[in-house]
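Dear colleague,

I am handing over the structure below, and after it I set out what was found when its helix packing and its cores were examined. Please read the notes with the structure open beside them.

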Amino acid sequence: MSYFLLSKNAGLSRIRKPILGCVVLTSMLFFRSHMSLTEEERARYSRHLKIPGIDEDVQLRLKKGSILVIGLGGLGSPASLYLAAAGVGKIGLAEFDRVESHNLQRQILYTEEGIGKKKIDLAKRRLQEMNESAEIVLHDQGIDPKNVRDIFSQYDVILDGSDNFDTRYLVNDACFLEKKPLVYGSVFQFEGQVMVLNDSSEAPCYRCLFPEPPAPGTVPNCSEAGVMGAICGVIGSLQAMEALKLLGKFGSVKSGILLKVDVFNNRFSKIALKKNCNCPLCGEEPRIIDLGTENYSVPCSLPVIESNLKVMNIEISVEQAKQVIDEENGCLLDVREPDEWEICEIKGAVRIPMGSVADRINELPKERPLIVQCHHGMRSLRVVNYLRSVGFENASSMKGGIAAWADAFDPSMARY
Ligand SMILES: [Zn+2]
């Protein structure tokens, strides 16, 4: 109501200026209607407006704002549905894929009737059924290095629901260059991660944590590793929540706080990650200053998996790791973050966070077996891939990470 009164008064004062009056009054009336909720909207979003801290201004910011959803799969499905339901005025969709039967286990935008049809068309229809006043903008070619900055410039917040590293790095880089906040999410089997990146100059970007993409074939994706449908619902909904907070300017948004969810063990944990001054994108001496200087592969494609054998070769079990450490003078490298070391650690491990391994590579032995370890074995696998690419043929990743170690050898170890 305060917006209505303010704009009404402003409009009346303009009437006294005869030359510009009509133009200004017309524009102010449009402005006024745009700046207030209708009675229908007040009723529709009443369960938002009843929450302390959510007032009409917040709902108006959602109405006037825009969010781009990259990928309409397991994460983009629940995320886009909640954005439309919440009253976001403009929702962009970037996707070029078609529905396949194995999508239906988690991609809740679609039904069996949609198999073979373009996801983006089905999604638009579904979202428009949910909220016909939302403007749904389609980017049916997906994103690529040529169009991405232009597309991102049209939105306030970017929500990444992509399922591959090429797109994830492209989205991250374009968000940094276009100064757009990014809500990152990923899922793997029973686990998922959510994090807000790049929402201020102090915030880290994705490359601060993982400077370079993994080589094709070294990290399995959902196609190879599998994923539970419901974890996509959890993570996609959390992404929608963070995007709504950014757009509506309410609640607490903490960039660089990685929220990890493990639905198999009912564990939620947070890790505080910091900006990396050596980051190739947002660091003090950036290597990436334009998207044209980077080699991004075809967007939204699944990484080519050379063979599972390669993954197996560079991973060893916790039992093998312990044997190598105890009997072959193996060196254990812990690539988790300092917050994680404080919770638990394996005695004797060398501590270097993943993002600093490249800078501190001289501290690592080449003449001894090198066992790399993280929380669950994903980060360590990537580090080993990198180490092998720079000549550390002796490096292996400890499968299952410190969690598997605790299960096998130290059940009293603190978990997170
Ligand atoms: Zn960075």
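In this predicted model, helix α6 passes helix α7 in a right-handed crossing. The axes of α6, which spans residues 76-86, and α7, which spans residues 119-130, come within 9 Å and cross at roughly 30°. Since angles under 35 degrees count as roughly parallel, that angle makes α6 roughly parallel to α7. On the α6 side the residues that meet the partner helix are S80, L81, A84 and A85, and in α7 they find A123, L127 and M130. Sorted by class, this contact consists of six nonpolar residues and one polar residue, with no charged residues.

Turning to the interior, the largest nonpolar core holds 69 residues, and the members that touch the most others in it are I67, L68, I91, I158, L159 and A243. Helix α12, residues 229-248, gives the most to this core, contributing nine residues. For I158, once its neighbours within four places in sequence are left aside, the contacts are L68, I70, F152, V171, C175, K180 and L182. There is also a second, separate core of 26 residues, which includes L332, L333, V335 and W405.

For the protein chain as a whole, there are 17 helices and 13 strands, and buried residues make up 42% of its 416 residues. Of the contacts with a separation of 6 or more, 70% are between residues 24 or more positions apart.

With best regards

Note on methods. Residues numbered from 1 in each chain as written. Predicted model: local features only at pLDDT ≥ 70, side-chain atom pairs only at ≥ 80, totals over all residues. Core = buried A, V, L, I, M, F, W, Y, C linked by C-beta atoms within 7 Å. Buried ≥ 20, exposed ≤ 12 C-beta atoms within 10 Å, placed from the backbone. Helix = DSSP H or I, 4+ residues; strand = E, 2+ residues; numbered from the N terminus. Contact = placed C-beta atoms within 7 Å. Axes fitted to C-alpha atoms, helices over the stretch in contact; angles between N-to-C directions. Parallel < 35°, antiparallel > 145°, perpendicular 65-115°, else oblique. Left-handed = near helix turned anticlockwise from the far one by under 90°. Nonpolar A, V, L, I, M, F, W, Y, C, P; charged D, E, K, R; others polar.
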